[in-house]
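Student: I am new to this structure. Please take one part and walk me through it closely.

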Amino acid sequence: NLGSFPGGPGAMSCIGIALQAAWLLPVVAATVVPSIFELGSDWVRQEPLRGLAPVQNFWGSVGLKGAPQNGVRTMDMVSLDQMALTPWLGNMLNSTLTVDGAEVFAKEQKWSACDVARRTDGIDNHVRLGFESNIIMSRYSLDSSRRLNFTFTGPIVDRCDAGKGDTASCGWGITVPVNRSLFRWEAQDGFGLIVNKRFSAAAAVGLFQLEGGQLQRVTLMGDSERMVVRGTVYAREAVAFFALGESASEVLAAVRRTATSFTTQWEAACELWEERWQGAFEPSHQHFSGHLPRLVTADEQSRRTYYSGALMVVSLERTNLNFGSRAYTNSQGDSFSFSGRDGMGGA
């Protein structure tokens with residue numbers, strides 16, 4: 001019924017002409033949803049940045065970490081901040097990497113939804129999360145074989161679902177640990193282990209050198225007095241794994257499993273993320289209850305702005321909470337809960 005359309009038949013004719021003209025644009029290319037890497041950043045100098053890049057995996061997120069050094073904000077090549085992987089919250093602050101005896105700091109960082117990176121002269125570090133898991137993978141590539149000395153201060157881990165009145169609630173501004181005496185550092189079977197004495201929470205660290213596609217485990221030494229674990233690698237490539245979980249046996253088993261299937265998990269971290277992202281625009285996709293519209297435009301800036309906004313929404317999906325197969329977190333509003341308990345903030 002053309003007459004019922006606002007403006008009547010004449011308006012519809014104008015729309016028809018406009019739509020015909022639109023087909024003259026390169027719409028085929030424009031309707032292709034950009035990949036998560038296309039929507040990522042280039043390498044960016046670290047100095048002017050207020051925030052550092054996070055990576056997400058639909059269970060939670062982990063961010064890179066910067067710290068003041070002689071009054072200048074710097075970013076080291078190891079530390080991680082706000083490991084918000086429900087129901088665990090942790091961090092690995094003040095960790096260090098020395099190369100041939102000299103401590104190194106990142107000069108640039110790079111971001112995509114599934115991979116965050118930092119680099120300095122001759123050294124790249126990429127961090128990914130196992131897809132929908134509590135595994136963190138940190139991979140180092142060097143321009144030549146060099147001696148790398150790692151000092152890991154954690155990950156220190158607490159529970160987000162400890163209940164009302166406890167200090168382990170999650171949200172913006174929560175720092176871990178509140179009291180280091182609540183944690184135990186040790187080396188077990190060559191892995192680093194950090195156990196929370198108060199809540200059912202633990203973290204494990206594994207360090208490996210990578211040669212010819214094969215991982216060779218490096219023995220870590222625990223220092224309970226300084227509350228760190230340390231290890232030395234001499235290679236062109238090194239990998240560190242971190243697992244968060246409920247018990248020492250659980251996290252140690254998780255690190256071992258990751259080591260046996262590292263290449264698969266490393267690639268799947270981005271491949272499955274990309275699949276989830278593209279699926280958000282597919283009608284009747286099996287994961288989503290609906291789909292997002294595709295933008296048809298020849299304006300590249302508008303295209304990037306639109307899809308970047310959509311990526312933010314998709315990245316906030318969580319599939320491990322207790323009120324439905326999908327939830328979308330935000331930084332404000334009512335608290336989420338895990339396993340029917342209180343204490344996990346909206347962030």
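Tutor: Start with one pair of residues: Arg139 stands opposite Val239 in S19. Keep in mind that this is a predicted model. Strand S19 is our part, and it covers residues 228–245. Its pairing with strand S12, residues 135–152, is antiparallel and runs over 14 bridges.

Now take strand S16, residues 201–211. S16 and S19 run antiparallel too, joined by eight bridges. Look for Leu207 here: it stands opposite Ala240 in S19.

A third strand to find is S18, residues 221–223. Three bridges join S18 to S19, and these strands run antiparallel. Gly222 has Val229 of S19 as its bridge partner. S18 and S19 make a hairpin, with four residues between them. Met227 lies in that turn, and its phi is positive, about 60°.

Is S19 enclosed or open? Count its buried residues. Buried means under 20% relative accessible area. In S19, 13 of the 18 residues are buried, so the strand is largely enclosed by the rest of the structure.

Set this against the whole protein. Of its 347 residues, 47% count as buried. The protein has five helices and 21 strands. Take its contacts between residues at least 6 apart in sequence: 64% of them join residues at least 24 apart.

For a contrast, go to helix H5, residues 300–315, where Met312 sits. Met312 counts as exposed, because its relative accessibility is 51%. Together with Val313 and Tyr328, Met312 makes a nonpolar surface patch of about 280 Å².

Note on methods. Residues numbered from 1 in each chain as written. Predicted model: local features only at pLDDT ≥ 70, side-chain atom pairs only at ≥ 80, totals over all residues. Heavy atoms only, no water. Patch = residues over 30% accessible without salt bridge, like charges linked within 9 Å, V, L, I, M, F, W, Y side chains within 5 Å. Areas by Shrake-Rupley, 256 points an atom, 1.4 Å probe, with all protein chains shown as cover. Salt bridge = Lys/Arg side-chain N within 4 Å of Asp/Glu carboxyl O. Helix = DSSP H or I, 4+ residues; strand = E, 2+ residues; numbered from the N terminus. Buried < 20%, exposed > 50% of the residue type's maximum accessible area, 1.4 Å probe, protein only. Contact = heavy atoms within 4.5 Å. Pairing = 2+ DSSP bridges.
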